[in-house]
Amino acid sequence: MTAGPLVIAAVVYTAVFVSLSGTFPDKVATHFGSDGPDGYMTPVGAWGFTVGLFAIEVLAFGYPAWRRGGTQRALQFNAIACWALAGLTGYLTIALLFANRGLAHPNLVDFPLSTHLPAAAVAAALASGVGATLMWRIQ
């Protein structure tokens, strides 16, 4: 219940990456500042970094649940926060894959943070709602 949504998000990210892999430029934009893209990686490097990020999140949220550390309320909050993080991270990383596809150069990526950050917040809220509902149903 806790680490599962992050594992699912990593699997979906990998599936989207594989399906789009022939459409990426030699370098993809991976970081954005106020003026647009300012960080780049190879597509495989970006995939490895992102899957590593998901793995760190799985360990950070899954370990306390596995060890049953804390109160029942704390474990529920941990699971709900994990669902929210999966929605947030999953949305941003997958949207970035779509933004990088078919470009001649990574500087051409159009990824307005003013659009994607609120959308990611909505995805996180929806995912946390699913997690809260599931946690309530299990109790």
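The largest nonpolar core of this predicted model has 16 residues, and those with the most contacts inside it are L6, Y13, V16, L20, F24, F54 and L97. A nonpolar core here is a set of buried Ala, Val, Leu, Ile, Met, Phe, Trp, Tyr and Cys residues joined through side-chain atoms within 4.5 Å. Buried means under 20% relative accessible area, exposed means over 50%, and partly exposed is in between (1.4 Å probe, protein chains only). Three helices, α1 (4-20), α2 (43-67) and α3 (72-100), each supply at least two residues of this core. The largest share, 7 residues, comes from α1. A second, separate core has 7 residues, including A29, A99, V109 and F111.

F24 deserves a look of its own. Leaving aside its neighbours within four places in sequence, F24 is in contact (heavy atoms within 4.5 Å) with F17, P43, L97, N100 and R101.

A word on conventions: residues are numbered from 1 along each chain as its sequence is written, and side-chain values use heavy atoms, with hydrogens and water left out. Since the model is predicted, local features need pLDDT of at least 70 and side-chain atom pairs count only at pLDDT 80 or more, while totals for chains, interfaces and linings use all residues.

Now for the overall layout. The chain has 4 helices and 2 strands, and along the sequence the pattern reads α-β-β-α-α-α. Helices (H or I, at least four residues) and strands (E, at least two) are DSSP runs, numbered from the N terminus. The C-alpha trace spans about 50 × 25 × 25 Å along its principal axes. Of the 139 residues in the chain, 38% are buried. Among contacts with a separation of 6 or more, 72% are accounted for by residues 24 or more positions apart.

How do α1 and α3 pack, and at what angle? Their angle is about 5°, and their axes are 9 Å apart. That makes α1 roughly parallel to α3, a label for angles under 35 degrees, with over 145 counting as roughly antiparallel, 65 to 115 as roughly perpendicular and the rest as oblique. The axes are lines fitted to C-alpha atoms, for helices over the stretch in contact, and angles run from 0 to 180 degrees between N-to-C directions. On the α1 side the contact is made by P5, L6, A9, V12, Y13, V16, F17 and L20, and on the α3 side by C82, W83, L85, A86, G90, T93, I94, L97 and F98. By class, this contact has 15 nonpolar, 2 polar and no charged residues.

The length of α3 can be checked too. At 1.5 Å a residue, its 29 residues should span 42 Å, and the end C-alpha atoms are 42 Å apart, which agrees; the expected span is 1.5 Å times one less than the number of residues. Just after α3, G102 takes a positive phi of about 70°.

Three individual residues round out the picture:

| Residue | Helix | Relative accessibility | Class |
|---|---|---|---|
| T50 | α2 | 9% | buried |
| Q76 | α3 | 16% | buried |
| Y63 | α2 | 48% | partly exposed |

Not counting residues up to four places away in sequence, T50 touches Y13 and T93. Q76 and W136 are 60 residues apart in sequence, with their C-alpha atoms 8.6 Å apart in space. For Y63 and T2, 61 residues apart along the chain, the C-alpha atoms are separated by 9.4 Å.

Key
Ala, Val, Leu, Ile, Met, Phe, Trp, Tyr, Cys and Pro count as nonpolar, Asp, Glu, Lys and Arg as charged, and the others, Gly among them, as polar.
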